[in-house]
Amino acid sequence: MSKSGLWVFESLHDEAFSMTETEHRFPKLLYIRQGSGEVAADWAAAVAGAAGGAEASNCVAGDCILIPARMRHRIIDAPRHPISLYGLAIDPQKITPCAEIETMIPIGKLPRHRMSLLNIERRFRRLLYLVSQPSSASTLSAIAAAIEIFAQLALASGGQIAANSAQSGDLVDTRPLDAIDEYLLWLDLNFFEQLTVDAAARACNMSRRKFTNDFRDRTGKTWLAYLNERRIDHAKTLLRNTQSKVTSIAFQSGFDELSTFYRTFHRLTGMRPLDYRENSD
């Protein structure tokens, strides 16, 4: 762990590699870049808070695993398939906003579709570069980039909502999410970005035709119609609850052209933005 409270590393195993069991006082995120194997630990106790024998989390290239603080674990490489991985940890005593990571992100193996949408490998590559640079500006940028990784994972995981529901005894839907489910979760948090249907299809590892068909089957709408409804819903919230100018609201809602915003808003609401604001008072 560096003085800044950030630990970013790359680990390249060979076929003779053997890891001794270890633990840390902070949670650790692993991204498996190549190879396959297991992260052996008492996952049952960590997830359920119950006693249980040591279990293994199988992992292959593309998997991302959050290991909680103080959980003893070791990586076991599959024969002839040694693992290469990136790792990230933040010391919550030095970077306090990260003190509750484990309450916001599910521990264990995270959904692969989610990792693809969040471009985790690209983010790790940038982190490795930043921490190799000696300047204070690079250190600051590295800390910000590391926090952003955990923040995006927390947002995509529903933040503390799922944790609080589980603690209160509420029923939580634990069904595995498919690519469209994951994309919809991501889109709800990123609708204001510059987006294309082709990029969405690539993120879901689908052809454009399959993506558009599956998306319509799931939502009952085309991709563009769904996106515009989400953007206009956000614009309506801003019109009701703020005094921001229409130009600012259009920008915050993901519209680059004001004329496009006006046309879309009128088509979906039958009103002009300022008329909507006046009628909402």
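Biologist: In this predicted model, how many of the residues of β2 are buried?

Modeller: The model is predicted, not experimental in origin. A residue counts as buried when its relative accessible area is under 20%. By that criterion β2 is mostly covered, and the number of its seven residues that are buried is five.

Biologist: With which strand does β2 pair over six bridges?

Modeller: Strand β2 pairs with β5 in the antiparallel sense over four bridges, and in that pairing Tyr31 has Cys64 as its bridge partner. Another antiparallel pairing of β2 includes the bridge between Lys28 and Ala89. The strand that pairs with β2 over six bridges is β7.

Biologist: Which strands stand at the edges of the sheet?

Modeller: The sheet is open and has five strands in the order β1-β7-β2-β5-β8, with antiparallel pairing. A strand at the edge has a single partner strand, so one side of it is left without a neighbour in the sheet. The strands in that position are β1 (6-12) and β8 (108-110).

Biologist: Which residue of β8 is the bridge partner of Cys64?

Modeller: Strand β5, residues 64-67, pairs with β8 in the antiparallel sense over three bridges. Cys64 of β5 is also the bridge partner of Tyr31. In β8, the bridge partner of Cys64 is Leu110.

Biologist: What angle does the direction of α5 make with that of β7?

Modeller: Helix α5 packs on the sheet and touches β1, β2 (28-34), β5, β7 (84-90) and β8. The direction of α5 makes with that of β7 an angle of about 95 degrees.

Biologist: Which helix gives the most to the largest nonpolar core?

Modeller: In soluble globular proteins, nonpolar side chains tend to be buried together. Here the largest nonpolar core has 48 residues, and those with the most contacts inside it include Leu29, Leu153 and Trp223. Nine residues of this core come from one helix, and that helix, the one that gives the most, is α5 (residues 136-156).

Biologist: How many residues does the other core have?

Modeller: This core lies apart from the largest one. Among its residues are Met19, Ile32, Val39 and Ile83. The number of residues in this other core is 14.

Biologist: How many disulfides does the structure hold?

Modeller: A disulfide is a covalent bond between the sulfur atoms of two cysteines. Among the cysteines, Cys98 is buried, with a relative accessible area of 5%, and Cys204 is buried, with a relative accessible area of 4%. The number of disulfides in the structure is zero.

Note on methods. Residues numbered from 1 in each chain as written. Predicted model: local features only at pLDDT ≥ 70, side-chain atom pairs only at ≥ 80, totals over all residues. Heavy atoms only, no water. Disulfide = S-S within 2.5 Å. Buried < 20%, exposed > 50% of the residue type's maximum accessible area, 1.4 Å probe, protein only. Core = buried A, V, L, I, M, F, W, Y, C linked by side-chain atoms within 4.5 Å. Helix = DSSP H or I, 4+ residues; strand = E, 2+ residues; numbered from the N terminus. Pairing = 2+ DSSP bridges. Contact = heavy atoms within 4.5 Å. Axes fitted to C-alpha atoms, helices over the stretch in contact; angles between N-to-C directions.
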